[in-house]
Amino acid sequence: MTTLLRGRGWARTHPLAVDAALASAVLVCMVIGSFAEPYGEHGPTWGTRTPGLPSLLLMAVGALALVFRRRAPWTVLAATCAASLTELLTGQPRAPVVMCAVIALFTVAATTDRSTTWRIGVVTMAGLTGVAMLSGPLPWYAQENIGIFAWTGMAAAAGDAVRSRRAFVDAIRERAERAERTREEEARRRVAEERLRIARDLHDVVAHHIALVNVQAGVAAHVMDKRPDQAKEALAHVRDASRSALGELRATVGLLRQTGDPEAPTEPAPGLHRLDELVETFRNAGLPVEVALGQVGLDLPAAVDLAAFRIIQEALTNVQKHAGRDAKAEVSVVRVGPNVEVTVIDDGPGQGKAGDGAPEPNTDGGGHGLLGMRERVTALGGSCTAAPRYGGGFRVHAILPVITAKGGTA
């Protein structure tokens with residue numbers, strides 16, 4: 001099997017050598033056949049005829065032309081047909097020079113389209129067979145003349161079959177390559193989406209908890225000398241926030257572990273069931289938050305539940321960072337038909353004074369947090385808007401579909 005594969009590989013890389021070998025074999029067959037009478041009374045008889053020198057020269061010319069059949073198939077077909085016609089008109093007895101034209105016709109049929117194959121095939125068959133029938137001492141219905149018609153017709157049909165099979169194999173190979181490229185592109189797309197999702201989760205976790213740590217640390221530094229008890233309480237909140245951040249980071253990074261690594265935490269992903277805990281962390285940081293939780297149901301899809309929690313977390317974090325020291329926030333989660341609507345508003349002017357422990361104003365026009373919220377909602381087929389409120393403050397409003405258009409859950 002290995003030897004066969006190597007032979008095929010060598011033949012593909014050395015086509016001229018293969019054609020030269022084929023031409024030599026055809027020349028040998030023509031020379032041997034020119035000494036035999038193929039249609040004798042008792043079958044082929046040998047030594048009953050001898051080809052003349054012109055016939056030998058025509059056989060050599062036809063075989064030499066076959067060496068270049070792949071480089072110039074139409075030229076080779078014309079040359080071999082001319083040699084065959086010359087032999088049919090002048091050869092006495094006739095030599096099988098037409099074998100060269102049969103091989104050349106097969107090559108043309110294998111390299112062109114079907115309509116051209118049949119046109120040139122009909123012309124070749126009619127021309128060679130007609131000359132053979134109308135010239136020479138044999139009657140027009142002689143087996144030798146019928147044989148020319150049959151061999152040229154089979155050459156055209158065989159060449160067309162080879163071309164069709166080659167086109168079919170090429171189409172299958174192209175389809176397989178296209179499917180492979182599609183699989184690779186799909187794998188890259190999924191990897192990119194997963195990286196984006198993990199980056200979004202990391203941003204939500206880090207931004208929320210670091211903002212709380214920053215605020216509580218600023219409070220502790222501000223009251224350390226005059227009110228040590230309050231400073232101690234602020235440092236306790238810093239410790240709790242950092243512990244929560246480490247826990248959520250560990251859970252998120254656990255998704256990236258390989259097989260055989262220690263198992264990631266198995267606690268459920270955060271959702272609206274932890275909304276009170278989330279809001280309490282902001283209240284401990286000094287941000288008054290009011291919550292209006294409607295009858296959203298307890299059967300929310302996990303993706304919707306997580307997205308609602310992250311949107312509220314990111315929105316309140318932005319209020320804590322940018323709305324100012326005296327700002328207040330309101331959170332509303334209600335079920336409206338097939339959707340869950342999440343709204344977070346604040347009344348802060350977004351101003352602060354550097355150095356007094358107040359948050360800095362939000363002057364970046366929206367960062368990764370707002371972009372991450374929109375990406376979360378868009379991935380679920382919903383919509384998200386975030387813009388300043390008329391008269392001051394900021395409003396984040398997200399619509400998360402719970403029931404899809406086909407009646408299933410998101």
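**Salt bridges, helices and surface of the predicted model**

The side chains of Asp160 and Arg114 form a salt bridge, with N and O 3.1 Å apart. Asp160 belongs to helix α7 (residues 143-223) and Arg114 to helix α6 (residues 114-134), so this pair ties together parts that lie 46 residues apart in sequence. The two partners were assigned to separate classes of accessibility. Asp160 is buried, its relative accessible area being 6%, whereas Arg114 is partly exposed at 43%. The structure in which this pair is found is a predicted model. A search of the whole structure gave twelve salt bridges. In general, side chains of opposite charge can pair when their charged atoms come close.

Further salt bridges were found within helix α7. Asp170 is bridged to Arg173, and the closest N and O atoms of this pair are 3.0 Å apart. Both Asp170 and Arg173 lie in α7, with a spacing of three residues, about one turn of the helix. Asp170 is partly exposed, with a relative accessibility of 38%, and Arg173 is also partly exposed, with a relative accessible area of 44%. A salt bridge is likewise formed by the side chains of Arg178 and Glu174, at an N to O distance of 3.7 Å. Arg178 and Glu174 are both part of α7 and are four residues apart, again about one turn of the helix. The relative accessibility of Arg178 is 39%, which places this residue in the partly exposed class; Glu174, at 45%, is partly exposed as well. An α-helix has 3.6 residues a turn, so residues three or four places apart point the same way. In addition, a network of salt bridges links Glu186, Arg189, Arg190 and Glu193.

An unreviewed UniProt entry lists residues 169-196 as a "coiled-coil region". In the model, residues 169-196 are 100% helix and 0% strand. The C-alpha atoms at the two ends of this segment are 40 Å apart.

Taken as a whole, the chain contains eleven helices and seven strands. Of its 410 residues, 36% are buried. Among contacts between residues at least 6 apart in sequence, 67% join residues at least 24 apart. The chain exposes about 23900 Å², and carbon and sulfur atoms supply 61% of this area.

Burial was also examined in helix α9. This helix spans residues 275-284, and its buried residues are Leu275, Leu278, Val279 and Phe282. When α9 is viewed down its axis, the buried residues fall within an arc of 95°, so they line one face of the helix. Helix α9 is followed by Gly286, which has a positive phi near 100°.

Asn318 is located in helix α10 (residues 302-322). With a relative accessible area of 18%, Asn318 is buried, because the cut-off for this class is under 20%. When neighbours within four places in sequence are left aside, Asn318 is in contact with Ala323 and Leu370.

Val336 is located in strand β4, which covers residues 329-336. The relative accessibility of Val336 is 39%, and this residue is therefore counted as partly exposed. The C-alpha atoms of Val336 and Gln295 are separated by 9.6 Å, while the two residues are 41 residues apart along the chain.

On the surface, Leu16, Leu64 and Phe68 make up a nonpolar patch of about 270 Å². One of these residues, Phe68, occupies the loop between α3 (53-66) and α4 (73-90). Phe68 is partly exposed, with a relative accessibility of 39%.

How values were computed
Residues numbered from 1 in each chain as written. Predicted model: local features only at pLDDT ≥ 70, side-chain atom pairs only at ≥ 80, totals over all residues. Heavy atoms only, no water. Buried < 20%, exposed > 50% of the residue type's maximum accessible area, 1.4 Å probe, protein only. Arc of directions from axis to C-beta. Contact = heavy atoms within 4.5 Å. UniProt positions renumbered as here; feature names shortened; annotations may be inferred. Patch = residues over 30% accessible without salt bridge, like charges linked within 9 Å, V, L, I, M, F, W, Y side chains within 5 Å. Areas by Shrake-Rupley, 256 points an atom, 1.4 Å probe, with all protein chains shown as cover. Salt bridge = Lys/Arg side-chain N within 4 Å of Asp/Glu carboxyl O.
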